[in-house]
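Reader: I would love a close look at the salt bridges in this model. Could you walk me through one part of that picture with care?

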Amino acid sequence: MSSVHPQAGQRAAASALVDLPILISNYYSLRPDPSVSTHRVAFGTSGHRGVSNAHSFNEWHVHAITQAICDYRKEKSITGPLFLGIDTHALSEPAWHSALEVLAANDVVSMIAQGSPYVPTPALSHAILTHNRLHPEALADGVVVTPSHNPPDNGGFKYNTPNGGPADSDVTSWIEKRANAYLEKQLDGVRRIPFERALKAGTTRRYDYLDAYVSDLPNIIDLAAIRSAGVKIGVNPLGGAGVHYWGAIADRYKLNLEVVNTDVDATFRFVPQDWDGQIRMDPSSQYAMSELIALKDRFDVALACDTDHDRHGIIARSSGLMPSNHYLSTAIFYLFRHRPAWRADAAIGKTLVSSQMINRVATSLGRELKEMPVGFKWFVDGLFDGSLGFGGEESAGASFLRFDGKPWSTDKDGITAALLAAEMTARTGTDPGQIYKDLTLQLGEPLNGRIEAAATPEQKQRLSKLSPADVSSTELAGEKIREVMTTAPANGKAFGGLKIVSDNGWFAARPSGTENIYKIYAESFRDQQHLDKIFGEAQEIVTKALQS
């Protein structure tokens, strides 16, 4: 593991907080140079992200991307409204203004939030699906202005297609190419009108995201059971877009739920520093969650979400903060035993770098497991048609179906994933931490972790293009290698790395998209010594493969 910053888990000093006036001023004043690679539009696994101070998230980027989305809609005859939401990052509201200027100029009906502009990612996905069920002749899509859990100086822009989920690679490549062409032409061809006119335009309409989402919750979570059991719930929204949703949920369904922090502050001064000293609104981080962890004995379960509320963090009274893989395994085990109306053949979706504990849970349930490349977009089609009951990734993102087996959100939903922990506690009489512990007695207890190793850009490129034939090793930590993968079993798509599996352990290596390192994920179902050996041999295997 990387070394931990001495101030990790503590609030940052005022002098270390982001300078908001400079950040926002640079959003408007700095111009990207498309001849510089870091200034160009680049869609990763979850949209375009950047920092205004670094010329990577500025007004020009948002104007260019929004016009490209308008062009894409026209190309694909998407004629319904575009649902537009933002999170609480400092750059989100300026970017929302910029996007609306272009959408209105292109006569796109834009659904902005009634009241507070903040819209969690799952509420936007829910809105798209709801509209499209009622109006299949005029399909809607959406944009969430968010860099997810990234630090306060980041901005982000994500496009969701009419299936409600994050756009796949073909779509984002098209938008990225078109947006960069606009940058190269200094926005020639981009249509926009002043924000005041855009806000008053007939195409700009209000939508009550909060009411639509909260009203529908009984169709996916057993709120009556939570209420009748009196489950005591603590919630920290981490200053994110769902800050007003939790109180509404508690009031409407008479839950014993306390929101421990309702502050919204774009410096995020109230979020303790992460492992590297950065402020990062990551609900799966023991450091960012340290203040809520300290309150765990006041609640049966304590919950948190990241800034756009698509990730969850679960603190069980019995065990503390649950590692993401532990909670995913527990949620899957519970859901497939308590959702009888789901299709009998509904499968379980996971990413390749998620715990093999999920594989064992799937086998115990008699359910098909679909291992996908990294990125939630790979689960969207299955959630949309009900062939996947659950899709989850190791970074604390998950979504699952309604009680009737129909889609709820085809994007990650931190709110329902978190509320599920309270439902489990209510209906089983024990919290998710204890349920996971009981699972390990049946299926084995894995140890896992992640390390980083240096790699040149050339080595990173080779790693992303390895084939099983490049691996000559036959054993991993004393066990026979039974699988060498460079493509995902579920869809045959390359995942840009290497995964090797034995009976009681595995590792996966993938290059970083932003640093000259590669990441090794590993897991052992034996002991720490076995895990350490896997990590050691993994680096040797990768080094040899890169030299072959």
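Author: Happily; here is a look at the salt bridges, with one arginine at the centre. The model is predicted, so local features need pLDDT of at least 70, side-chain atom pairs count only at pLDDT 80 or more, and totals for chains, interfaces and linings use all residues. Residues are numbered from 1 along each chain as its sequence is written, and side-chain values use heavy atoms, with hydrogens and water left out.

A salt bridge here is a side-chain nitrogen of Lys or Arg within 4 Å of a carboxyl oxygen of Asp or Glu, and the structure holds 28 of them. Let us start with Glu59, whose side chain meets that of Arg192 at 3.9 Å, N to O. Glu59 belongs to helix α2 (residues 59–75) and Arg192 to the loop between α5 (169–184) and α6 (195–200), so this pair ties together parts 133 residues apart in sequence. Helices are DSSP runs of H or I with at least four residues, numbered from the N terminus.

Arg192 also forms a salt bridge with Glu101, where the closest N and O atoms are 3.1 Å apart. Because Glu101 lies in helix α3 (residues 92–105) and Arg192 in the loop between α5 and α6, this pair ties together parts that are 91 residues apart in sequence.

How accessible are the partners? Buried means under 20% relative accessible area, exposed over 50%, and partly exposed in between, with a 1.4 Å probe and protein chains only. Glu59 is buried at 10%, Glu101 is buried at 8%, and Arg192 is partly exposed at 44%.

Elsewhere, a network of salt bridges links Asp222, Arg339, Glu423 and Arg427.

Technical notes: Helix = DSSP H or I, 4+ residues; strand = E, 2+ residues; numbered from the N terminus.
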